[in-house]
Each structure stands twice: as C-alpha cells, then as structure tokens.
Amino acid sequence: MKRIGVLTSGGDAPGMNAAIRAVVRTATYHGIEVYGIERGYKGMMEGAIRPLGPRDVSGIISRGGTILYTARCLEFLERAGREQAAANLEKLGIGGVVVIGGDGSYRGAECLHAEFGIHCIGMPGTIDNDIGGTDYTIGFDTAINTAMQAVDRIRDTAASHDRIFFIEVMGRRSGYVAMISGIAGGAEEILLPEVEISVERLIERLRAGERLGKKSSIIVVAEGCEYGGATGLARMVSEQSEYKDNRVTVIGHLQRGGSPTAFDRVLASRMGVRAVEALLEGETGKMVGISGQNMLLRPIREAWELRTRFDMGLLRVAHVLGV
Ligand code: ADP
C-alpha cells in the first residue's frame, strides 16, 4: 500500500486532531502518503480529498475539534453513495482508510471494506465511551474532566445558596460521562439512562441527606435519562416535593471542545501508530482498542455488538459516598 486516507466522522471529540497527526506521521515514517478526507463520508463522496504531509499536522496535538471537519452523511447510507465514494478513492489510488469516529462511522467503514474491498481500520473517537472492543475512546477523558470542572464550579454556587442543582451532562444512550464526572465531582446523586429512576426515591434521598446535615445537593443527570434529562427531572422534583427552588445547568457542547488531556493525546497517538501499521500489515475490517495497557486489534463489528457497559460497582461507590 502506497497511499492511505484518513477521515473524522460523526460527533467530534477532543483528541481527533492528535489522532490525525499520529496517522499522518506514522505513514510518513513508513514512507507512504496520506490524503485527508474532509467532512467524513460526505467529503469522500464529493471528492474533498487533499494530501496531508507531516508539517500540515504540526501544532495540532493540543487542539480540540478536527482540522478535517466532521459531518453526518445520509447519502452514504445508500449503496449508490458509497459507490461514488469508493470510486473517488480508487481514482486517487487510496487503498486503505483510517476512520476516526463512533460506531456509526464504523458501520460505514465495514460497508467500504465488505462491498469494495477498501482496507479500513477504525479508531474510536467519541466522548461517550460507548464503543465495544476498547476500554476507552479518544475524547472521553477530556470530556469527563470538563464536566467535572463544571460540577466543581456549580457546587460553589449550590453551597453558597443552600440549593439543589441538577447538572445535565452528555450521554444519550450511555451514562458513562455522568457516572465518572459525578463521582469525581462528589455529586450526591447520579442518574443514568441505564438505570431506572424513581422520582419518589430521589426525593427521599434528598430528605435523608438533609437530615444528615446537607444544605445543598448536586445531582448529575445524563441527557438520555428518562423524564427528559435534567430539566424534566427538576420539574418533577419541584412538583412533587418541598424542593421547589432547584436549578438546572445543561453543560451541553462545552463538553466537546477544549484542549485534549494528556491521556487522550497519548491514547490517540498510540492508536494512530497501531492503525497505520495494521493497514501496512494488510489488516482490514478491524478497529484499534485499548485493554489495560495494551493496544488491541478487534473486528470492527465488536464496536456495536459488544457495547461497553461500565462497572455497576461504580454506582454503589457514588451511592455510599453520597450520604
Ligand atoms: P458516530 O460515528 O459518531 O456514531 P453517526 O452514527 O452519525 O456518528 O455516523 C456517522 C456517519 O457514518 C453517518 O452520517 C453515515 O454517513 C455513516 N454511517 C452510519 N451508519 C451507517 C451504516 N449502517 N451504513 C453505512 N454508513 C453508515
């Protein structure tokens, strides 16, 4: 293989730039060329593909977002769209692609590999940490640190005013960000999409905390929680209890941006090296993952077939420490 492509797709995540840099530099190290594909599969279809050299990725390891931009592309869900994309790669002699994104992007990669024989290797880039076959995804560590800092700041206000604050963090299907940022921020309660919520029980816990001398409480809520995330829950608590004067903060897209943490930069760098070397070894239809300290190469389907489930023991830690 003499020429490979790299793209970022789906939701952006901090550390995607570090991943692009690692792919480009590893390819250069091994004497092969890299083309950057802009806006994920959209750019692949439209031919927005340009050469990327090692100096083009200077200084981006510390930057959030993605210099290649990212997009969702509905046309790529149709075979005709994928045919056009594959033809564009062929025209440029691109024989392999590193796909940085979430499980949707991986499904696209699986199609390119199965239908057109284009070698594809996935790198998990998403803040949700909800991809099977890897302990961590690129962007998760930065997102949980951002969310934790938000919890810390809001606690100052909550404590000053003796108030209950509901803080909504990202996670439509997965409560991983809520769980970790909640424990790290010392939240009284953490509510996740994976666990059924009883509003009565939540109110009971708030009352129990008050009896033990708590004057304020922080409740971290994943956006995908039943009752409509933090806003819906806060309304229900206010309607059904004496806790009328609660406040809601939705951290939202603040969690996506920002300079990646050392952990995410190193993870992206290691994964980038492994991904390109996997292509050079002739691998395809695989994703790079980390298990403990080791880099793994797993079938890309594991990303969606083995959805990561966090250790429910963490919920007990939060529960015990929330007294
Ligand atoms: P993420 O990669 O973050 O999960 P999406 O689910 O939006 O993000 O997927 C990103 C893109 O991947 C989609 O816009 C589409 O172009 C492509 N894609 C997603 N699912 C499939 C699929 N089943 N087949 C082919 N391409 C897909």
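How do strand E10 and strand E11 pair, in the parallel or the antiparallel sense, and over how many bridges? Antiparallel, over six bridges. Keep in mind that this is a predicted model.

Let me place the strands. E10 covers residues 286-291. E11 covers residues 294-299. Together they form a hairpin, with two residues between them. Look at the turn: Gly 292 sits there, and its phi is positive, about 60°. For one bridge in detail, take Ile 290, whose partner in E11 is Met 295.

Now the ligand. Where does it sit? The space it takes is the largest pocket.

Who surrounds it? The shell has 15 residues. Those that come nearest are Arg 72, Cys 73, Gly 102, Gly 104 and Ser 105. By class, the shell splits into seven polar, five nonpolar and three charged residues. Helix H4, residues 103-116, supplies six of the shell residues, the largest share.

On to polar contacts. I have three for you, each to an oxygen atom of the ligand. Start with Arg 72: an N or O atom in its side chain is 2.5 Å from a ligand oxygen. Next, Gly 102 contributes a backbone N or O atom, at 2.9 Å from a ligand oxygen. Then Gly 104: a polar backbone atom there is 3.0 Å from an oxygen of the ligand.

How much of the ligand does the protein bury? Taken alone, the ligand exposes 560 Å². The protein buries 78% of that.

Methods. Residues are numbered from 1 along each chain as its sequence is written. This is a predicted model: local features need pLDDT of at least 70, side-chain atom pairs count only at pLDDT 80 or more; totals for chains, interfaces and linings use all residues. Side-chain values use heavy atoms; hydrogens and water are left out. Two strands pair if DSSP finds at least two bridges between them. Helices (H or I, at least four residues) and strands (E, at least two) are DSSP runs, numbered from the N terminus. A residue is near a molecule or strand if one of its heavy atoms lies within 4 Å of it. A polar contact is a pair of N or O atoms within 3.5 Å; within protein, one must be able to donate a hydrogen and the other to accept it, and residues adjacent in sequence count only if both atoms are side-chain atoms. Accessible areas come from the Shrake-Rupley method with a 1.4 Å probe; for residues, only the protein chains shown count as cover. On a 1 Å grid over the protein atoms alone, a cavity is a set of points where a 1.4 Å probe fits but cannot get out, and a pocket is an open set with protein on both sides within 12 Å along at least five of seven lines; lining residues have an atom within 4 Å of a point. A molecule sits in a cavity or pocket if more than half of its atoms lie within 2 Å of its grid points. Ala, Val, Leu, Ile, Met, Phe, Trp, Tyr, Cys and Pro count as nonpolar, Asp, Glu, Lys and Arg as charged, and the others, Gly among them, as polar.
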